[in-house]
Amino acid sequence: MTSAPDVPRATDLLRAALGDRLFTPADAGFPAAVRLWNGAPGALPALVARAHDAAEVALAVRVARRCHLPLSVRAGGHDWAGRALRQGGLVVDLTALRRVDLDPGTGVVTVGGGATAGDVLAALRPYDRVVPTGVVRAVGMAGLTMAGGYGPLCGRYGLALDNLLGAEVVLADGRLVTADPAHEPELYWALRGGGGNVGVATALRYRTHPLATVLAGLLLFPLDQATAVLRGYADVVRDAPDEVTVMAGFLPGPAGEPVVFLAPFVSGDDPAAGRAAVDRLRALGTPLVDQVGTLAYEDALRLFDGGMADGNHYLLRTRWLARVDEPVVAALTVAAGAVSSPFSAIALHHFHGAAARVPVGGTAFGLRADHLLVEIIAVWTPGGDPAPHRAWAERTAAALAPHALPGGYPNLLAPEETDRVRLAYGPNWDRLRRAKRRYDPHEVFSAVPTLPPADRPGPRVGR
């Protein structure tokens with residue numbers, strides 16, 4: 001029999017330690033404390049504990065266990081499914097842990113558990129150094145890293161998790177431990193791809209890379225050129241060198257109409273080769289917009305800042321594709337033409353190069369072959385009927401399913417897609433379940449359902 005949550009006791013314990021940094025629904029700061037990027041999720045936690053250091057995080061975890069409260073963690077707040085909030089639960093809020101410290105001698109940067117990609121890049125910019133990130137600067141680095149971390153530099157430097165050298169982690173029993181190759185190596189392995197289900201990372205250490213500028217930006221083409229552009233894109237990514245990583249897909253155009261986009265990021269040291277790579281993309285059609293130039297990496301990401309507005313409602317679906325072949329081109333083009341909202345989008349993330357050369361067992365991340373990650377992003381304004389937008393996303397995902405690889409990116413899988421979760425981890429599944437049993441045997445960290453309980457059998461491997 002499960003014990004009933006004791007919210008009053010938890011409130012007393014945390015209020016004594018945190019004061020006005022504990023938020024209840026009666027507090028004026030509570031609405032802001034539970035506001036996420038996606039306005040759709042409706043879970044209402046009982047308490048939000050804004051921690052200032054690892055000791056306070058550990059206290060919050062111990063209180064949640066003692067008082068039988070569901071526990072979740074909020075950092076960047078960009079998880080589309082709203083898993084930072086648990087109904088009636090305790091949220092450990094890491095948004096104050098945003099310190100970023102670079103050791104110029106070693107090139108290692110230490111990042112607070114609540115820091116965003118933008119925080120990290122801004123701190124590194126004076127040194128002309130970077131860490132691989134996603135394309136949205138407001139996304140939290142910890143959540144991005146622990147599930148994978150696709151991004152524009154993955155061809156040259158790997159996923160975000162491939163650059164994680166170690167972390168300070170609060171475990172389910174409230175202990176603070178170091179996880180790196182020399183300390184708790186199995187925890188370190190599980191953190192890199194396990195989706196945050198084995199502990200709370202309060203600080204992370206990354207390898208940085210010297211990179212002053214990239215040749216990057218956006219090329220937009222009209223929808224009637226989609227077939228030609230996507231066919232050409234398939235050829236480009238098939239033989240792209242490590243230094244050339246290219247996103248593609250469909251974005252809302254100036255009047256809300258869908259347009260095809262290509263987003264090259266060229267990080268090589270040969271300017272002529274970089275220009276030739278971009279010219280090859282330009283020649284795939286007649287661009288409506290050409291915003292490609294030499295930019296600081298952080299500035300290149302700013303081109304995506306206005307794409308997805310905070311407070312709108314979002315629903316995501318995802319597929320992994322081995323290639324962009326004719327059936328995929330057709331399915332994507334049909335989906336773009338039938339989009340249910342002027343705000344929705346489809347994005348293809350290019351996985352290759354350094355990211356694909358990591359042994360599949362080297363981290364918990366389960367797919368190391370060259371592939372494309374598809375994000376199907378349904379967006380509508382608050383108050384709108386979600387049904388047509390959900391239907392559009394589901395139809396698009398279903399159309400791509402016959403051409404997809406098993407599984408999918410755990411950060412984007414819906415909470416109910418448990419069968420695909422098992423397939424996402426591939427040969428790493430059993431080891432990851434053992435790590436979960438070792439570090440969190442009582443399922444304290446269950447708010448991110450990318451890793452079912454250790455005693456639950458997974459589905460048979462297959463499509």
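Modeller: Rings of Phe, Tyr and Trp, the last taken by its six-membered ring, pair if their centres lie within 6.5 Å; planes under 30 degrees apart count as stacked, and over 60 as edge-to-face. The model above is predicted.

Colleague: How many aromatic pairs does a search of the whole structure find?

Modeller: The search finds ten. One of them joins Trp37 and Tyr314, with 4.2 Å from centre to centre and 25° between the planes, and is stacked.

Colleague: Which parts of the chain does that pair link?

Modeller: Distant ones: Trp37 is in the loop between helix H2 and strand S2, whereas Tyr314 is in strand S18, and the two are 277 residues apart.

Colleague: Are Trp37 and Tyr314 buried or exposed?

Modeller: The cut-off matters here: buried means under 20% relative accessible area. Trp37 counts as buried because its value is 10%, and Tyr314 is buried because its relative accessibility is 2%.

Colleague: How do the planes of Trp320 and Phe365 stand to each other, stacked or edge-to-face?

Modeller: Edge-to-face, with 65° between the planes and 6.4 Å between the centres. Trp320 lies in strand S18 and Phe365 in the loop between strands S19 and S20, so this pair ties together parts that are 45 residues apart in sequence. Both Trp320 and Phe365 are buried.

Colleague: Which residues do ring pairs link into a cluster?

Modeller: Trp320 and Phe365 belong to it, together with Tyr150, Phe351 and Tyr409.

Colleague: Rings can also have a charge over them. Which ring has the charged end of Arg192 over it?

Modeller: That of Tyr188, with the charged end 3.8 Å from the ring centre. In another case, Arg431 lies over the face of Trp189, at 3.9 Å from the ring centre.

Colleague: Now the sheet. What is the strand order in the open sheet of five strands?

Modeller: Reading across, the order is S5-S6-S10-S8-S9, and the pairing is antiparallel. S5 and S9 are the edge strands, each pairing on one side only. From one strand to the next, the twist averages 15°.

Colleague: What packs on the sheet?

Modeller: Helix H4, residues 117-124, does so, touching S5 and S6; the direction of H4 makes about 40° with that of S5. Ala123 lies in this helix. Its C-alpha is 7.7 Å from that of Asp101, although the two residues are 22 apart in sequence. Ala123 counts as partly exposed because its relative accessibility is 28%, and the partly exposed class runs between the 20% and 50% limits.

Colleague: How should I read a strand such as S8, and how many of its seven residues are buried?

Modeller: As a general idea, side chains in a regular strand alternate between the two faces of the sheet. In S8, residues 164-170, six of the seven residues are buried, so to read burial here you need the cut-off of under 20% relative accessible area.

Colleague: Which strands pair with S8, and over how many bridges?

Modeller: Six bridges join S8 to S10, and these two run antiparallel. With S9 there are four bridges, also in the antiparallel sense. For bridge partners in S10, Val169 has Ala201, while Glu168 stands opposite Ala203. In S9, the partner of Val170 is Leu176.

Colleague: Where in the hairpin of S8 and S9 is there a positive phi?

Modeller: At Gly174, where phi is near 90°; the hairpin has five residues between the strands.

Definitions and conventions. Residues numbered from 1 in each chain as written. Predicted model: local features only at pLDDT ≥ 70, side-chain atom pairs only at ≥ 80, totals over all residues. Heavy atoms only, no water. Buried < 20%, exposed > 50% of the residue type's maximum accessible area, 1.4 Å probe, protein only. Pairing = 2+ DSSP bridges. Lys NZ or Arg CZ within 6 Å of the ring centre and 35° of its normal. Axes fitted to C-alpha atoms, helices over the stretch in contact; angles between N-to-C directions. Contact = heavy atoms within 4.5 Å.
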